[in-house]
Amino acid sequence: MNQNAIVCNTPLQILNAINIVANNVENTKNYTDLYVVETFKNAESIISKLKESHLFQHIFTCKMNASKKTGSKIKTFAKLLNGKKLWEDYVFEGEDVLEKVYDTIFVGDNNTLGIALKSVSPKAKTIIYDDGLDSYIGNCITERIGKAYQIIGKLFKTGVFSYDIQKLLVNNKDFCASTVSENIEQLPKLTEANPAYELALKIFSFLKEGPVKDYIFILLGQPLEEMNSYNGVPITSVLEGMKENGINVLLREHPRQKPIECSDVVKDEVNNLWELECMESVTDNHILAGFYSTAQMAPKFIADKEPYVIFLYKLFLNDLTSTVVINYEKVIRLLKENYRNSGKIFVPETIEEYYAIIQKLYE
């Protein structure tokens, strides 16, 4: 029987790995090792529960090797040309990495651990699986790397260009306009009938008494200071007067954003995995406001729910003509095309227009 490896470095990727193996997608049940790069919050607890589930043959965990974090481009390209050197970028804990030869390697992005695995298993096929918005438009593997990497990779068939990509597995095939593969397949829907559903709730320690059910209006945070052409307007500008008008706001802060201090907002201190909240708590009546993020589209991707969505990026950017913004618009068009009621999606151009939308929704 074929041996498989799945590489994960985000909670969403782990959720999708659970879905893949629990449903025996691509004959993965009982024949799959999981590799987890610990780059996210609560990683130890999640990994512990993954091991308790006995869903995977082996679970290998690692952290980035701080001593190898920086280096010249020449050294980086040398590692790409000799993929086995990429193992040096990771420090594995517990069991030694089994240098097994895999038949299929599953990756969600262009992380180098997948390339390291490919170097040990040069004949392995590659399957790309859902990693959020990046998986739905363009090529999530080759487009988001530097020009020099692209040139060298194509020339020598190294790095991500060594992948023999067979297909892309996504949570919403109808929404997908990816070019990473012509073969796009639907993952099993995450409904209560799906064996992955209850497993995921346990593995991610989902607390059903979280606040998402109790707040109709949810502001999804974003590290705005990381955005090119950010105009410096504080995110709190969209919260002014909300409380006085009887609108209670729940804020889910992004892990990388600066903490927000505002008397008009309650913070979600439970912080359940958002994709599970979409399955358990989010309804068609919720209002999800945010700069622009996967989180605003996840209810549709994950659970086929259609909350009101307000994309705020035009209020916080000076340049609305960049390639990044053009891609925002493409994805939003796709979302509207897939919504049964596209009138529930808004992109205000001014703060006045934003407040007019809020007033209309609360009439």
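Across which strands does helix 2 lie, and at about what angle does helix 2 run to strand 3? Helix 2 lies across strand 2 (32-37) and strand 3 (59-64), in contact (heavy atoms within 4.5 Å), and runs at about 165 degrees to strand 3. Helices (H or I, at least four residues) and strands (E, at least two) are DSSP runs, numbered from the N terminus. Axes are lines fitted to C-alpha atoms, for helices over the stretch in contact, and angles run from 0 to 180 degrees between N-to-C directions.

This is a predicted model, in which local features need pLDDT of at least 70 and side-chain atom pairs count only at pLDDT 80 or more, while totals for chains, interfaces and linings use all residues. Residues are numbered from 1 along each chain as its sequence is written, and side-chain values use heavy atoms, with hydrogens and water left out.

Strands 2 and 3 belong to an open sheet of eight strands in the order 4-3-2-1-5-6-8-10, with mixed pairing, where two strands pair if DSSP finds at least two bridges between them. Its edge strands, each pairing on one side only, are tabulated here.

| Edge strand | Residues |
|---|---|
| Strand 4 | 90-93 |
| Strand 10 | 184-186 |

Strand 1 (residues 4-8) and strand 5 (residues 104-107) run parallel and are joined by three bridges, and asparagine 4 stands opposite threonine 104 in strand 5.

Helix 2 (residues 43-53) also packs with helix 6 (residues 195-203), at an angle of about 140 degrees and with axes 9 Å apart. In this contact Ile46, Lys49, Leu50 and Ser53 of helix 2 meet Leu199, Lys202 and Ile203 of helix 6.
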